[in-house]
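Welcome! Here is a short guided tour for anyone meeting this structure for the first time. Have a look at the picture, and then we will walk through it together.

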Protein chains: 2
Amino acid sequence: MKNNMKISSAVIKRLPRYRRYLMELQKKNVDRISSNELSSLIGYTASQIRQDLNNFGGFGQQGYGYNINSLYKEISAILGLDQEYGMVIVGTGNLGQAIANYTHYYKSGFKVCAMFDVNPKLIGLRINDIEVLDYEDLDEYLKNNQTDIGIVCTNMSSAQEVVDKLCNGGVEGIWNFAPTDLIVKDGVALEDVHLSDSLHSLAYYINRNRQNQD
Amino acid sequence: MKNNMKISSAVIKRLPRYRRYLMELQKKNVDRISSNELSSLIGYTASQIRQDLNNFGGFGQQGYGYNINSLYKEISAILGLDQEYGMVIVGTGNLGQAIANYTHYYKSGFKVCAMFDVNPKLIGLRINDIEVLDYEDLDEYLKNNQTDIGIVCTNMSSAQEVVDKLCNGGVEGIWNFAPTDLIVKDGVALEDVHLSDSLHSLAYYINRNRQNQD
């Protein structure tokens, strides 16, 4: 992949999904796949798939299709999944603990190195062998431990303050679960998981189906 | 809104976000807003905003802008948020409990009516006053209690079986947190929250920023 190559954010959103399906195919020892076959699996049109993968030189060969292993490796490299990321979680209620378990379970290059909370009942607990530290010590921790990603699992009202601390402490990315839109420092990446937005989309489709039945 | 009107899925994905910002503006007692002002808040271009809102007749008036209250109501109605939804959660580990707390906290029209698990240690627990029931009783529960949405917080390998039960039991929508792609019955809506996809997008942007600094 060329350095600094820009891929549209719509394609970037789709790449992890391609990667997941390619991983499943690898597990089934499939070597290659055509854009048509990939289309029937993933649900994007074959032409969309060819266009997406052409973006970074993932060219299928006529009559052969895509080589699954090399496409998987290429997509993983584009997504930066050939590297390791140190992470901290701020807010260790149910959601924070669920995220810690989730990333632990996946054993990928994403490693939770510390968790922080303000609640004295949670401070000192160990979750997947990671100690919950006092939120007051976050600045100090970040000064002494290079951290790539800060995960925000606090409530809405604390989230911006937490993000400011994380950005000042040098993280390069924020993974935000607080139901609010946050401002990050220039050069820091931000990815939101807005659960309510997702639930509201679901409500829309339920109602559209109801109306179609009328 | 006209019955059966189709709005593209890209617009549907953006509507909840418009709605969140309009809600914030209502709280600040703002009456109206231009597409340019909305653009600087939300981050979409003004022309994108006008195009999106024109889709369902949310026409701003030249020199006046959009009426915030009526636009908020219109978007809420399109999303089906003027109705109530009964929900069950299957899988009540940390993530299931986090989702139960989350929807409880929001006190919107989405109500968790029951939770299910296979783990004897969890069965019988009460979370936000909702009892965790035995997964074996899910079929029976769905027969006797009309349920709109099934929330899947199980692991990957159980998820499809759970979805089949939920679909057979008559739910109209599945909100899936299991890291896998699921097949639903015709006419059942499906919304996935694939956390790993989101984390992988974040990794991409971190790496792009790193390369830009080189």
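## A pair of strands to start with

Let us begin in chain B, where strand β7 (residues 149-152) is joined to β8(B) by four bridges, the two strands running parallel. Within this pairing, B:Ile151 stands opposite B:Trp175 in β8(B). Please keep in mind as you look around that this is a predicted model.

In general, the strands of a sheet pair through backbone hydrogen bonds, in either a parallel or an antiparallel way.

## The whole sheet

Both strands belong to an open sheet of chain B, built from seven strands in the order β5-β6-β4-β3-β7-β8-β9 with mixed pairing. At its edges are β5 (126-127) and β9 of chain B, each of which pairs on one side only.

Which helix of chain A packs on this sheet? That is α8 (residues 195-213) of chain A, which touches β3 (85-90), β4 (110-117), β7, β8 and β9 of chain B. The direction of α8(A) makes about 170° with that of β9(B). Chain B has a helix of its own to add: α7 (residues 156-168) lies across β3, β7 and β8 of chain B and runs at about 170° to β7(B).

## Where the chains meet

Now for the contact between the chains: 44 residues of chain B are in contact with 45 residues of chain A. On the chain B side, the elements giving two or more residues are α1 (9-27), α5 (94-106), β8 (173-176), β9 (189-192) and α8 (195-213). Of these, α8(B) gives the most, with 16 residues. By class, this side of chain B has 22 nonpolar, 16 polar and six charged residues.

## Two helices across the interface

Two packed helices are described by the angle between their axes and the distance between those axes. For α8(A) and α1(B), the angle is about 125° and the axes are 9 Å apart. The two helices are therefore oblique to each other, and α8(A) passes α1(B) in a right-handed crossing.

Which residues meet here? From α8(A) come A:Ser196, A:Asp197, A:His200, A:Ser201 and A:Tyr204, and they meet B:Ile12, B:Lys13, B:Pro16 and B:Arg17 in α1(B). This contact has three nonpolar, three polar and three charged residues.

## The domains of chain A

Finally, a look at chain A as a whole: its domain assignment gives domain 1 (9-77) and domain 2 (85-197). The C-alpha centres of these two domains of chain A lie 32 Å apart.

How values were computed. Residues numbered from 1 in each chain as written. Chains lettered and ligands numbered in written order. Predicted model: local features only at pLDDT ≥ 70, side-chain atom pairs only at ≥ 80, totals over all residues. Contact = placed C-beta atoms within 7 Å. Nonpolar A, V, L, I, M, F, W, Y, C, P; charged D, E, K, R; others polar. Pairing = 2+ DSSP bridges. Axes fitted to C-alpha atoms, helices over the stretch in contact; angles between N-to-C directions. Domains from an automatic or database assignment. Parallel < 35°, antiparallel > 145°, perpendicular 65-115°, else oblique. Left-handed = near helix turned anticlockwise from the far one by under 90°.
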